[in-house]
Amino acid sequence: MSKKVLYIGDEDTYHLFDDVARRTESEIVPFYAVTKPAQEIINSALEDVYAMVILNVAEILSATEELSYIIKTIQSSVKTCFLIMAEGYSPKSSIIVEAAQNGVSYFMLTDVGAERNRIFVDALAGVKNVYDVLDRTKSEHAEEYENKQQAARNARANYNSISVAVASCMPRIGCTSTAIQLIKYLFYREKTACFLDFSGTGYTEKCAQYYNTDSEDYEHHRITLDGIDMYYDISAEIMSFIDLQNYDFLIYDMGNISDNPQKQTEFLQKKYRIIVTGNKPNENEALISMKNSIYKTKISYIYNFIPVADRESILEDVEATEGKCYFLPYMDEVFSLVKESVPLFNEIFLSELPVVPKEQAEEGKKKKKGFFKKRNKKGAENG
């Protein structure tokens with residue numbers, strides 16, 4: 001069976017790989033992306049299963065300013081060999097360095113046919129050349145990088161964090177709020193946890209812009225807000241760093257996963273799976289549609305803003321799919337634990353946290369410093 005290779009670029013250049021494709025029993029599938037918007041380019045990589053995705057960044061015209069976003073999104077969404085083609089680009093150009101920092105391991109910067117073919121074959125075989133791109137061929141750099149990778153592997157072997165995916169079937173339904181509330185509950189149970197932002201909304205970066213953070217660590221794409229370590233733009237290298245922190249729980253904010261097969265697959269791979277939803281007609285329709293593609297037992301459904309009178313019928317519907325249904329209490333401050341949510345999370349995580357505290361402390365009621373950063377009054381008046 002031939003291996004499919006997606007070429008994202010111009011109609012006149014994908015034929016450059018015809019010869020090497022035949023010799024490697026590969027089929028080149030072209031997607032002419034010169035005038036396509038960013039989302040269409042991303043969707044092209046998600047429509048099928050490919051042995052390799054080649055993105056010719058020199059031929060993306062309409063979405064030039066979004067190249068980093070396109071590369072990062074595809075790289076984090078598809079479990080395949082992702083190769084950046086950028087003939088004539090310097091290894092130190094910002095787009096190449098950013099791609100490497102976001103976890104891309106395969107690059108084609110040459111315009112020499114034989115060398116281009118060799119890189120094609122090497123990439124299919126899993127031979128990475130990211131060290132060449134980042135000038136890591138010097139022994140001291142390679143050794144330092146390998147030491148970090150080995151430390152991360154040791155951390156994974158000796159300390160297994162528990163993965164929890166929190167997702168929704170549509171936007172703005174409380175997915176992120178539920179994930180943060182869960183972390184506050186885990187803190188209450190004296191466990192460590194962090195927030196991994198895979199929502200695609202830029203929520204964590206916006207928190208850094210508008211809120212008073214405890215600290216900001218740009219090197220590791222992390223901010224700490226009200227005691228919660230929150231990670232964004234998460235590449236393979238950032239995940240290695242996260243592994244080294246030995247958190248008890250990794251809370252993945254998956255955001256809206258409807259109509260996104262790749263995100264749905266990643267959601268189902270986590271040990272604990274939580275869907276946040278509601279009971280309005282459009283919310284019900286979105287949930288039913290998503291259940292058809294992610295049907296699986298041991299999914300917990302958390303409903304927001306549900307009147308008591310409507311809860312019995314919801315329980316019956318969810319139990320019919322062998323899922324578990326819960327109702328999240330109203331919260332007026334997402335970063336404070338709502339004590340009524342403790343029994344809910346106690347039940348979901350009973351096998352991990354079997355001993356329930358006798359006293360359920362009412363946290364978050366103490367006076368806090370304001371979240372929002374102070375405005376520059378002088379600047380505001382002049383603006």
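**Figure 1. The open parallel sheet of the predicted model.** In this predicted model, an open sheet is built from 5 strands in the order E2-E1-E3-E4-E5, with parallel pairing. The edge positions are held by strand E2 (26–32) and strand E5 (106–108); each has a single partner strand, so one side of each is left without a neighbour in the sheet. On average, and with direction ignored, neighbouring strands of this sheet are turned by 20 degrees against each other.

**Figure 2. The pairing of strands E1 and E2.** E1 and E2 run parallel and are joined by 7 bridges. Lysine 4 has glutamate 27 in E2 as its bridge partner. Strand E1 itself comprises residues 3–9.

**Figure 3. Strand E3 and its two neighbours.** Strand E3 covers residues 52–56, and 5 of its 5 residues are buried, so the strand is largely enclosed by the rest of the structure. Met52, Ile54 and Asn56 point one way from E3, whereas Val53 and Leu55 point the other way; all are buried. E3 pairs with strand E1 in the parallel sense over 4 bridges, and in this pairing tyrosine 7 has isoleucine 54 of E3 as its bridge partner. With strand E4 (residues 81–85), E3 shares 5 bridges, and these two strands also run parallel. Here valine 53 stands opposite phenylalanine 82 in E4.

**Figure 4. The packing of helices H3 and H4.** Helix H3 spans residues 67–77 and packs with H4 at an angle of about 25 degrees, their axes lying 10 Å apart. Because of this angle, H3 counts as roughly parallel to H4. The crossing in which H3 passes H4 is right-handed. Where the helices meet, Leu67, Ser68 and Ile71 belong to H3, and Ile95, Glu98 and Ala99 belong to H4.

**Figure 5. Glutamate 98 and its polar contact with serine 68.** Glutamate 98 is located in helix H4, which runs over residues 94–101. With a relative accessibility of 33%, glutamate 98 counts as partly exposed, because the range for that class lies between the limits of 20% and 50%. Along the sequence, glutamate 98 and serine 68 are 30 residues apart, and in space their C-alpha atoms are 7.0 Å apart. The side chains of glutamate 98 and serine 68 make a polar contact at 2.4 Å. Both residues are among those through which H3 and H4 meet.

**Figure 6. Strand E9 between E8 and E10.** Strand E9 consists of residues 222–225; Arg222 and Thr224 point one way from the strand, Ile223 and Leu225 point the other way, and all are buried. Strand E8 (residues 215–217) pairs with E9 in the antiparallel sense over 3 bridges. Aspartate 217 has arginine 222 in E9 as its bridge partner. E9 also pairs in the antiparallel sense with strand E10 (residues 228–231), over 4 bridges. In that pairing, the partner of arginine 222 is tyrosine 231 in E10.

**Figure 7. The two hairpin turns beside strand E9.** The hairpin of E8 and E9 has 4 residues between the strands, and in it histidine 221 takes a positive phi near 50 degrees. The hairpin formed by E9 and E10 has 2 residues between its strands. In the turn of this second hairpin, aspartate 226 has a positive phi of about 50 degrees.

Conventions. Residues are numbered from 1 along each chain as its sequence is written. This is a predicted model: local features need pLDDT of at least 70, side-chain atom pairs count only at pLDDT 80 or more; totals for chains, interfaces and linings use all residues. Side-chain values use heavy atoms; hydrogens and water are left out. Buried means under 20% relative accessible area, exposed over 50%, partly exposed in between (1.4 Å probe, protein chains only). A polar contact is a pair of N or O atoms within 3.5 Å; within protein, one must be able to donate a hydrogen and the other to accept it, and residues adjacent in sequence count only if both atoms are side-chain atoms. Two strands pair if DSSP finds at least two bridges between them. Axes are lines fitted to C-alpha atoms, for helices over the stretch in contact, and angles run from 0 to 180 degrees between N-to-C directions. Angles under 35 degrees count as roughly parallel, over 145 as roughly antiparallel, 65 to 115 as roughly perpendicular and the rest as oblique. A crossing is left-handed if the near helix is turned anticlockwise from the far one by less than a right angle, and right-handed if clockwise. Contact means heavy atoms within 4.5 Å.
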